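Biologist: Thanks for sharing this one with me. Could you take a close look at a single part, the nonpolar core, and walk me through what packs there and what surrounds it?

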Amino acid sequence: MSPRRTLLPTSTTVSVDNERCHLYGFCQVAAPNLFELTAGERLRYVSHVTEDHEPQARDAARQCPMQAIRLSGQVTE
Ligand code: SF4
C-alpha cells in the first residue's frame, strides 16, 4: 500500500487585471496590508500571500466590483 499523499497549501498567488481595474480601492479597504493605491494612481499589491493573509485576499477579491482580482493557490506534496 502506498503512503497517502497530502497536499499542503503554501501560498496564494494574487494577480490584478489592469484592463478591468478602475482603481476604486475596495481591495485596499478590505486588505490594506495587501493592496495600496499610490499617490500616482497606481495599484500596488502583494503578489504572493501567505496562508494567514489569504482570507483577506479572498475578501478583497470578493469586494472588487470589477472582478479584477484573481487568486490561485500553489500546493506542494
Ligand atoms: S477593488 Fe478592484 S477595481 Fe478597485 S482598485 Fe482594487 S482591483 Fe482595482
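Modeller: Happy to! Please keep in mind that this is a predicted model. Its average pLDDT is 89, and 82% of the residues reach at least 70.

Let me set the scene before we zoom in. The protein has 2 helices and 5 strands, arranged along the sequence as β-α-β-β-β-α-β. Of its 77 residues, 18% are buried. Among contacts between residues at least 6 apart in sequence, 71% bring together residues at least 24 apart.

Now to the core itself. The largest nonpolar core holds 13 residues, and those with the most contacts inside it are Cys 27, Ala 31, Leu 34, Ala 57, Ala 60, Cys 64 and Ile 69. Strand E1 (8-16) and helix H2 (54-63) each contribute at least two residues to this core. The largest share, 3 residues, is supplied by H2.

H2 therefore deserves a look of its own: its buried residues sit within an arc of 100° when viewed down the helix axis, so they line one face of the helix. The buried residues in H2 are Ala 57, Ala 60 and Ala 61. On the other side of H2, Pro 55 and Arg 62 are exposed.

What does Ala 31 touch, leaving aside residues up to four places away in sequence? The list is Gln 56, Ala 57, Asp 59 and Ala 60. Two names there, Ala 57 and Ala 60, are also among the residues with the most contacts inside the core, and both are buried in H2.

Strand E1 offers another residue to follow, because Val 16, which has 20 C-beta neighbours inside 10 Å, counts as buried. Val 16 belongs to strand E1. Setting aside residues up to four places away in sequence, Val 16 touches Cys 21, Leu 43, Tyr 45, Ala 68 and Ile 69. Take Ala 68 from that list: Val 16 and Ala 68 are separated by 52 residues in sequence, yet their C-alpha atoms are 5.4 Å apart in space. Ile 69, also touched by Val 16, is one of the residues with the most contacts inside the core.

The ligand brings some of these names back. Around the ligand there are 14 residues, of which Cys 21, Tyr 24, Phe 26, Cys 27 and Cys 64 come nearest. Cys 27 and Cys 64 already appeared among the best-connected core residues, those with the most contacts inside it, while Cys 21 is in contact with Val 16. By type, the shell around the ligand divides into 12 nonpolar and 2 polar residues, with no charged ones.

Two loop residues are worth checking for backbone geometry. Leu 23 has a phi near 60°, a positive value in a residue other than glycine, and sits in the loop between E1 and helix H1 (26-30). With 14 other C-beta atoms within 10 Å, Leu 23 is partly exposed. Gln 67, in the loop between H2 and E5, also has a positive phi, near 50°. Gln 67 has 11 other C-beta atoms within 10 Å and is exposed.

One last point concerns confidence. Among the elements, strand E2 (residues 35-37) has the highest mean pLDDT, 98, and strand E5 (residues 69-76) the lowest, 78. Where pLDDT is low, predicted coordinates should not be read in detail.

Conventions: Residues are numbered from 1 along each chain as its sequence is written. This is a predicted model: local features need pLDDT of at least 70, side-chain atom pairs count only at pLDDT 80 or more; totals for chains, interfaces and linings use all residues. Helices (H or I, at least four residues) and strands (E, at least two) are DSSP runs, numbered from the N terminus. A residue is buried if 20 or more other C-beta atoms lie within 10 Å of its own, exposed if 12 or fewer, and partly exposed in between; C-beta atoms are placed from the backbone. Two residues are in contact if their C-beta atoms, placed from the backbone, lie within 7 Å. A residue is near a molecule or strand if its C-beta atom, placed from the backbone, lies within 6 Å of it. Ala, Val, Leu, Ile, Met, Phe, Trp, Tyr, Cys and Pro count as nonpolar, Asp, Glu, Lys and Arg as charged, and the others, Gly among them, as polar. A nonpolar core is a set of buried Ala, Val, Leu, Ile, Met, Phe, Trp, Tyr and Cys residues joined through C-beta atoms within 7 Å. pLDDT is the predictor's confidence in each residue, from 0 to 100. The arc is that of the directions from the helix axis to the C-beta atoms.
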